[in-house]
Amino acid sequence: MYTQSFSVPDGTEDAKSASLKAVPKALNAQDAALQAAFDARIDADGRIEPREWMPEAYRKTLVRQISQHAHSEIVGMLPEGNWISRAPSLKRKAILIAKVQDEGGHGLYLYSAAETLGTSRDQMLDALHSGKAKYSSIFNYPTLNWADVGVVGWLVDGAAIMNQVPLCRCSYGPYARAMVRVCKEESFHQRQGYEALLVMMQGTAEQKEMVQDAVNRWWWKCLAMFGPPDADSPNSAQGMRWGIKRISNDDLRQKFVDATVPQAKVLGVTLPDPDLKWNEERQAHDYGQIDWDEFWATVNGNGPCNKERLGARVKAWNDGAWVREAALAHARKQQARQLKEAA
């Protein structure tokens, strides 16, 4: 499940995709030459590095996507961090601490990658704290019991891996390189969640019911993680033209369903979709309709935990102000000392 996206061919561009232009026609010969060089690099499946010329629309798209990805990592620490003090054993506590710590590190990698595009971390965090910037809607739901923690690891992180592995081949170098380590660590997150559920499914009838209930509550939300249907995702085609996005929303969602069905069978749970069945002709699973009204309501700030999650991030930022101020004061002191010694 973790690396199969690498082997999926991107496919040939259709006429609609091939006709997309990165930016409007350049106004002068110099810009035209730069645009042509950029397009040639993208067409050759090459990498764009921070100091190289890029269209403004490409830069803005990357800033939006990478910063939202970073926001999702640090907000994603909250639903599981809530269970560190209540983990059922020392082993589970240690695993969960490591997992939450990883998510914080992922956020730092991604903020650093976004900073190479000319935006500051303060700007990105201001956008998050003001509610202007989005993050993954999946983290606006509560983790009600320990089974939820396992299901988040299995399904939420499993969906994240399916989304993120293709980003290791993103056309923007810093983002692609950051994703290599992120995906390796996410694979641990997915495995530990699945293993925790396997243990629970060998337990009491009540534990088995807890797992099934958690799967029932999270399944459809995880399918929505891949984004709206391709027909309703206006930015997807341009993202694929630029090599930022490698696989469409619907194709990623289908891959996730096909990979998860046999895992659910081994686990002994039922995925809550009466329309879920194997389609011999397509050689893939058919599945039911996602509630996109709920998805958009949550994205737009009306989910069950939106205010709680954002409030927690703002509080953490405000409570940590003295640490940032002390670090900056120390840096200024060190710089002044070095200048004095050099004089």
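Colleague: How many helices and strands are there in the chain?
Modeller: There are 14 helices and two strands in this chain. Keep in mind that this is a predicted model.

Colleague: OK, and what radius of gyration does the chain have?
Modeller: It comes out at 22 Å. A compact globule of 343 residues would have one near 20 Å, so the chain agrees with that.

Colleague: What box do the C-alpha atoms fill?
Modeller: Roughly 70 × 60 × 35 Å, taken along the principal axes.

Colleague: And what share of the residues is buried?
Modeller: 46% of the 343 residues are buried. The accessible surface adds up to about 17,700 Å², and carbon and sulfur atoms own 56% of that.

Colleague: What about contacts, how much comes from residues 24 or more positions apart?
Modeller: Among contacts with a separation of 6 or more, 78% join residues 24 or more positions apart.

Colleague: Switching to charges. How many positive and negative ones are there?
Modeller: 42 positive and 42 negative, and their mean positions sit 7 Å apart.

Colleague: Now the rings. How many aromatic pairs do you count?
Modeller: Ten aromatic pairs. One of them is Phe38 with Trp53, an edge-to-face pair with 6.3 Å from centre to centre and 80° between the planes.

Colleague: Where do Phe38 and Trp53 lie in the chain?
Modeller: Phe38 is in helix α2, which covers residues 29–43, while Trp53 is in the loop between α2 and α3. They are 15 residues apart, and the pair links distant parts of the chain.

Colleague: Buried or exposed, what's the story for Phe38?
Modeller: Phe38 has 3% relative accessibility, so it counts as buried. Trp53 has 33%, so that one counts as partly exposed.

Colleague: What kind of pair do Tyr58 and Trp242 form?
Modeller: Edge-to-face again, with 5.6 Å between the centres and 85° between the planes. Tyr58 is in helix α3 and Trp242 is in the loop between α10 and α11, so the pair ties together parts 184 residues apart in sequence. Both Tyr58 and Trp242 are buried.

Colleague: Which residues do ring pairs link into a cluster?
Modeller: Phe38, Trp53, Tyr58 and Trp242.

Colleague: Let's move on to Tyr175. Where does it lie?
Modeller: Tyr175 is in helix α8, residues 173–200. Its relative accessibility is 1%, so Tyr175 counts as buried.

Colleague: Which residues does Tyr175 touch?
Modeller: Not counting residues up to four places away in sequence, Tyr175 touches Leu62, Gln65, Ile66, His69, Leu110, Ala113, Leu167 and Cys170. Take Leu62: it is 113 residues from Tyr175 in sequence, but their C-alpha atoms are 8.8 Å apart in space.

Colleague: What about Arg92, buried or exposed?
Modeller: Arg92 is at 10% relative accessibility, so it counts as buried. You'll find Arg92 in helix α5, residues 90–115. Leaving out residues up to four places away in sequence, Arg92 touches Ala87, Trp146, Gln192, Glu195, Ala196 and Val199.

Colleague: And Gln254, where is that?
Modeller: Gln254 is in helix α11, residues 249–267. With a relative accessible area of 14%, Gln254 is buried, because the cut-off for buried is under 20%. Apart from neighbours within four places in sequence, Gln254 is in contact with Arg282, Ala284, His285 and Tyr287.

Colleague: Then there's Pro272. Which residues is that in contact with?
Modeller: Val215, Asn216, Trp219 and Trp220, leaving aside neighbours within four places in sequence. Pro272 sits in the loop between α11 and β1, and at 22% relative accessibility it counts as partly exposed.

Colleague: How is Pro272 placed relative to His69, what's the C-alpha separation?
Modeller: 28 Å, with their positions 203 residues apart along the chain.

Colleague: Last topic, backbone angles. What is the phi of Asp45?
Modeller: It is positive, about 60°, although Asp45 is not a glycine. Most residues other than glycine have a negative phi. Asp45 is in the loop between α2 and α3, and with a relative accessible area of 46% it is partly exposed.

Colleague: And what is phi for Gln283?
Modeller: Near 55°, so to speak another positive value in a residue other than glycine. Gln283 is in the loop between β1 and β2, and at 46% relative accessibility it counts as partly exposed.

Note on methods: Residues are numbered from 1 along each chain as its sequence is written. This is a predicted model: local features need pLDDT of at least 70, side-chain atom pairs count only at pLDDT 80 or more; totals for chains, interfaces and linings use all residues. Side-chain values use heavy atoms; hydrogens and water are left out. Helices (H or I, at least four residues) and strands (E, at least two) are DSSP runs, numbered from the N terminus. The radius of gyration is taken over C-alpha atoms; the globule rule is 2.2 Å times the number of residues to the power 0.38. Buried means under 20% relative accessible area, exposed over 50%, partly exposed in between (1.4 Å probe, protein chains only). Contact means heavy atoms within 4.5 Å. Accessible areas come from the Shrake-Rupley method with a 1.4 Å probe; for residues, only the protein chains shown count as cover. Lys and Arg count as positive and Asp and Glu as negative; His and the chain ends are not counted. The place of a charge is taken as NZ of Lys, CZ of Arg, CG of Asp or CD of Glu. Rings of Phe, Tyr and Trp (its six-membered ring) pair if their centres lie within 6.5 Å; planes under 30 degrees apart count as stacked, over 60 as edge-to-face and the rest as tilted.
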